[in-house]
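Below is a colleague's note for someone meeting this structure for the first time. Please keep the sequence and the view at hand while going through the points.

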Amino acid sequence: MRRLLCLLALMALVAAAGCGESRSAEASIPAPEAASARPASPPSSQEEGMCREHGVLEALCTKCNPKLAVVFQAKGDWCAEHGFPESICPQCHPERGGKPAVDVSIDEAPADGTLVILKTKEAARLAGIETTQALPAEGRAELTVPVVIAYDPTRVAQVNARSPGVVKRLHADIGTRVAAGDPLAEIESTAVTADQSQLAAAQARVRVTEENFRREAELEKRGISARKEVLAAEQAYREALADLNALKGSLKIMGAAGSGGRYTLKAPFAGIVTRRSASLDEYVETQPSLFEIVDTSTMWAELALPEKDLGRVTTGMPVVITLGALQGQQFRGTISYIAPLVDPRTRTAQARVRLDNPEGLLRANMYGEARITVGGAQALSEVPRDAVQRAKSVNLVFVRLAENEFEARRVEMGPRSVSGETVQLASGVQPGEEIVVAGSFFLKTETLGDAIGAGCCEVEQN
């Protein structure tokens, strides 16, 4: 593999010296974006593609591959003091991390059908280009769309003050896990003090009216009091009792208990405190909210369905979700909702999948992709994983058309194969076509105008 990478680098560096020209059938390929500066620290020996012994890109390491030194010296890119190409010398330019200044991973992907024509047939052999045939495969018809994780809005609580007052005690802070009914804060309020005073008066009034009602009822039995006096006493008692219950209910809703003019804000359900705006001894109004509590045991996956595919998707369809931050894990659910409108800017409609999250792995605003099973069996192509190159959000495969002619294809990924060493392609490649495996990265750089290696072959954009 190291020898193969060295041959690749050799072709790339000869190209950088200007050994050929690029031409475009319709329009020139736009220059790639400039790479951001790397931090001034030595590269990790564990980083993929790096020479662990010398700290430079393995494919360009002149210590391990002395024959490459001649190429760099001929180009004028040579640090005689340290024996490395000047452009990647880890001693002279530690900020580059032993890599070329251009990071091809951030460049725009070439157009579908872009041709890369090597100058000679021998160039393909020297570049270490190897191909294999795409194999036929079968899977379920799937649609892949972007997905963003969000809170379930029905499990998000904005807890505000029930009555204006002063915060006297805080029981919870950001990150606190609370159960339903747990205290969040204690607030002292003049309104609560007034209600508690009215409550005491109402309790006294109930006692007096109740005694009066019982006395009138007893006098009626003895024939001393008239029925009208009994009914009037009963009505006064019932009214006093209603006022008492109303005050008790009001204080209960506020969370007030006992006397002292304080009430306690409580968590409405179990969850995590994600925001706190209350401070000790602060005067607060009923707006804005003082705490936000989120129950993350269930989350929503919000899918962006392209307008052209809406006819293929219905509620109840199974979905498999993978997230960039949680590699190797899959989350499964079914579509429970599809929005009745299309976003005029993105031309997509939002769909929703409810996901159980017992371990708390899912977090709001995580980004990934969702695969929706939209039909029966589908003919697929299976290729080695190394054949697929990534350029921004585009997956590329290079198909060999002739001995020294290759075509870039934008492909749509299908379900992953069981072995993990191959991937299935839903479009872009037909079974039986010759797919570049070794050397596909080199061909990718040739399609990027200013990237390393550009120039030793012709690039045509169809």
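1. Accessibility comes up repeatedly below, and a residue is called buried under 20% relative accessible area, exposed over 50%, and partly exposed in between, with a 1.4 Å probe and protein chains only. By that scale Asp173 is partly exposed, with a relative accessible area of 38%.

2. Some ground rules apply to everything that follows. This is a predicted model, in which local features need pLDDT of at least 70 and side-chain atom pairs count only at pLDDT 80 or more, while totals for chains, interfaces and linings use all residues. Residues are numbered from 1 along each chain as its sequence is written, and side-chain values use heavy atoms, with hydrogens and water left out. Helices (H or I, at least four residues) and strands (E, at least two) are DSSP runs, numbered from the N terminus.

3. The open sheet is a convenient place to begin. It consists of 4 strands in the order E8-E7-E5-E10, with antiparallel pairing, where two strands are taken to pair if DSSP finds at least two bridges between them. Strand E8 (262-266) and strand E10 (283-284) are at the edges and have a single partner strand each, so one side of each is left without a neighbour in the sheet. Strand E5 (residues 165-170) is joined to strand E7 (residues 183-188) over 4 bridges in the antiparallel sense, and the bridge partner of Val166 in E7 is Glu188.

4. Glu188 returns in a charged group, for Glu186, Glu188 and Arg262 are linked in a network of salt bridges. A salt bridge here is a side-chain nitrogen of Lys or Arg within 4 Å of a carboxyl oxygen of Asp or Glu, and a search of the whole structure finds 16 of them.

5. Which parts of the chain does the salt bridge between Arg276 and Asp173 link? The pair connects distant parts, with Arg276 in strand E9 (residues 271-276) and Asp173 in the loop between E5 and strand E6 (177-178), 103 residues apart. The two side chains meet at 2.8 Å, N to O, and Arg276, at 28% relative accessibility, counts as partly exposed.

6. Two helices deserve a careful look together. Helix H4 (residues 190-221) packs against helix H5 (residues 227-254) at an angle of about 155°, with their axes 8 Å apart; the axes are lines fitted to C-alpha atoms, for helices over the stretch in contact, and the angles run from 0 to 180 degrees between N-to-C directions. The two helices are therefore roughly antiparallel to each other, a label given to angles over 145 degrees. By class, the contact of H4 with H5 has 16 nonpolar, 6 polar and 10 charged residues, where Ala, Val, Leu, Ile, Met, Phe, Trp, Tyr, Cys and Pro count as nonpolar, Asp, Glu, Lys and Arg as charged, and the others, Gly among them, as polar.

7. Helix H4 also holds a salt bridge of its own, in which the closest N and O atoms of Arg214 and Glu210 are 2.9 Å apart. Both residues lie in H4, 4 residues apart, about one turn of the helix. Arg214 counts as exposed at 56% relative accessibility, whereas Glu210 counts as partly exposed at 24%. In another salt bridge the side chains of Arg227 and Glu220 meet at 3.1 Å, N to O; Arg227 is partly exposed, with a relative accessible area of 47%, and Glu220 is partly exposed as well, at 26%.

8. Further along the chain, strand E13 (residues 318-323) and strand E14 (residues 331-338) pair in the antiparallel sense over 4 bridges, with Val320 standing opposite Arg332 in E14. E14 also pairs with strand E15 (residues 348-356), again in the antiparallel sense, over 3 bridges, and there Ile335 has Val353 in E15 as its bridge partner.

9. Finally, some backbone details merit checking, given that most residues other than glycine have a negative phi, and most peptide bonds are trans. The peptide bond from Gln287 to Pro288 is cis, with omega near 0°, and Pro288 lies in the loop between E10 and strand E11 (291-294). Asp281, in the loop between E9 and E10, has a positive phi near 65° and counts as exposed at 56% relative accessibility. Arg347, in the loop between E14 and E15, has a positive phi of about 55° although it is not a glycine, and Arg347 is partly exposed, with a relative accessible area of 39%.

How values were computed: Parallel < 35°, antiparallel > 145°, perpendicular 65-115°, else oblique.
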